[in-house]
Amino acid sequence: MIKFEHVSLSFGAGNFQLEDINFEVERGEFIFLIGPSGAGKTSILKMILREIYPKSGSVYVDDQLISSRKFKEVEKLRQKIGTIFQDFKIIYDRSVIENLVLSLEILNQKNPKEEALSSLKKVGLEHKANFFPLQLSAGELQRLAIARAMAGGREIILADEPTGNLDPVTSWEIVRLFRQIHDQKKTIVFATHNSEIVNTLKKRVLLVKKGKIIKDSRDGSYKLDNK
Ligand SMILES: Nc1ncnc2c1ncn2[C@@H]1O[C@H](COP(=O)(O)OP(=O)(O)OP(=O)(O)O)[C@@H](O)[C@H]1O
Ligand SMILES: [Mg+2]
């Protein structure tokens, strides 16, 4: 479903480099991406979205070589992917429900409003449908971002620190939502610093450090110090 082959990336005259990144995520798999701050986790997610290109190597989504400059179906690619990024990318002068409906309209959904409401229900936010984002708490905003990522049957969910800045109780609510999403056979790539969550869920873990993937393990534990 997602495949990185010999991917390298560099920024700032080589100050930051990812080198020879190789991994594959199968359909329906849930993986954690961990590593110190600045290791390149967000950059990996952005390559899956084709927001940035690798310097060399190949990125595939659904067997399509999306890292090629010739790849034309960017819109279709992004319709498959729901994202929960730290800055939310929410439209602040639209209500909660309008934010969802807008993101569904690009998927040509038949009943965007119905789908939006059903998605809001899943995250327990239907009572705030007509609120504006600034009237929501951080955890509620996070849930709105998750509702938007889930809505419309997107197959891949990319989450970048979705529990950052949340209190422990709210973080676990968010984790519960991710488990539900995973039960629906979505493919999830979850970048995080939250060791408790990684250690509890026991999913596959990719550790990015010093420009490389230095661990790809199914033991589901969060250890940054592994060689
Ligand atoms: N557009 C850019 N131009 C130049 N450098 C960049 C750019 N985007 C990211 N970087 C650099 O690339 C490195 C990796 O950034 P990235 O955001 O991928 O790290 P991260 O692992 O997600 O870190 P964090 O855990 O803090 O979110 C950082 O040193 C960052 O400064
Ligand atoms: Mg990041």
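Let us start in the middle of things, with Arg-143: setting aside neighbours within four places in sequence, this residue is in contact with Val-123, Gly-124, Leu-125, Glu-173, Ile-174 and Leu-177. Arg-143 sits in helix H5, and it counts as buried because its relative accessible area is 15%, below the 20% cut-off. From Arg-143 to Phe-88 there are 55 residues in sequence, while their C-alpha atoms lie 10 Å apart in space. Please keep in mind as we go that this is a predicted model.

One of the contacts of Arg-143 is Gly-124, and that residue takes us to the next stop. Gly-124 comes just after helix H4 and has a positive phi of about 70°. Helix H4 itself covers residues 112–122, and within it Pro-112, Ala-116, Ser-119 and Leu-120 are buried. Viewed down the axis of H4, these buried residues fall within an arc of 100°, so they line one face of the helix. The general geometry helps here: an α-helix has 3.6 residues a turn, so residues three or four places apart point the same way. What does the buried face of H4 pack against? Its partners are helix H3 (96–105) and helix H5 (138–150), the latter being the helix that holds Arg-143. On the other side of H4, Glu-114 and Lys-121 are exposed.

Now step back to the whole chain. It has seven helices and ten strands. How does its radius of gyration compare with that of a compact globule? For 227 residues such a globule would have a value near 17 Å, and the chain has 17 Å, so the two agree. Along the principal axes, the C-alpha atoms fill a box of roughly 50 × 40 × 30 Å. Buried residues account for 52% of the 227 residues. If you take the contacts between residues at least 6 apart in sequence, 65% of them join residues at least 24 apart.

The surface and the charges can be put in numbers too. The chain exposes about 11100 Å², and carbon and sulfur atoms supply 47% of that area. There are 36 positive and 29 negative charges, and the mean positions of the two sets are 2 Å apart.

With that overview in hand, follow the chain to helix H6, which spans residues 168–183 and contains Trp-172. Is Trp-172 buried or exposed? Its relative accessibility is 30%, so it counts as partly exposed. Beyond its neighbours within four places in sequence, Trp-172 is in contact with Glu-196, Ile-197, Thr-200 and Leu-201. Its separation from Gly-38 is 134 residues in sequence and 25 Å in space, C-alpha to C-alpha.

After H6 comes a loop that leads to strand E8 (187–191), and Lys-185 lies in it. Lys-185 is exposed, because its relative accessible area is 65%. Its backbone also deserves a look: phi is positive, at about 70°, although the residue is not a glycine. As a rule, most residues other than glycine have a negative phi. His-6 is another residue other than glycine with a positive phi, near 50°. That histidine is in strand E1 (residues 2–11), and with 48% relative accessibility it counts as partly exposed.

Two further sites bring together parts of the chain that are separated in sequence. Pro-36 is in the loop between strand E3 (30–34) and helix H1 (41–48). Lys-209 is 173 residues away from Pro-36 in sequence, but the C-alpha atoms of the two are 6.8 Å apart in space. Leaving out neighbours within four places, Pro-36 is in contact with Lys-41, His-193, Val-208, Lys-209 and Leu-224. At 28% relative accessibility, Pro-36 counts as partly exposed.

The other site is Ser-217, placed in strand E10 (residues 212–217). Which residues does Ser-217 touch, not counting those up to four places away in sequence? They are Lys-203, Arg-204 and Val-205. Ser-217 has 13% relative accessibility and therefore counts as buried, as does Arg-143, where we began.

How values were computed:
Residues numbered from 1 in each chain as written. Chains lettered and ligands numbered in written order. Predicted model: local features only at pLDDT ≥ 70, side-chain atom pairs only at ≥ 80, totals over all residues. Heavy atoms only, no water. Buried < 20%, exposed > 50% of the residue type's maximum accessible area, 1.4 Å probe, protein only. Helix = DSSP H or I, 4+ residues; strand = E, 2+ residues; numbered from the N terminus. Arc of directions from axis to C-beta. Contact = heavy atoms within 4.5 Å. Rg over C-alpha atoms; globule rule 2.2 N^0.38 Å. Areas by Shrake-Rupley, 256 points an atom, 1.4 Å probe, with all protein chains shown as cover. Lys, Arg positive; Asp, Glu negative; His and termini not counted. Charge placed at Lys NZ, Arg CZ, Asp CG, Glu CD.
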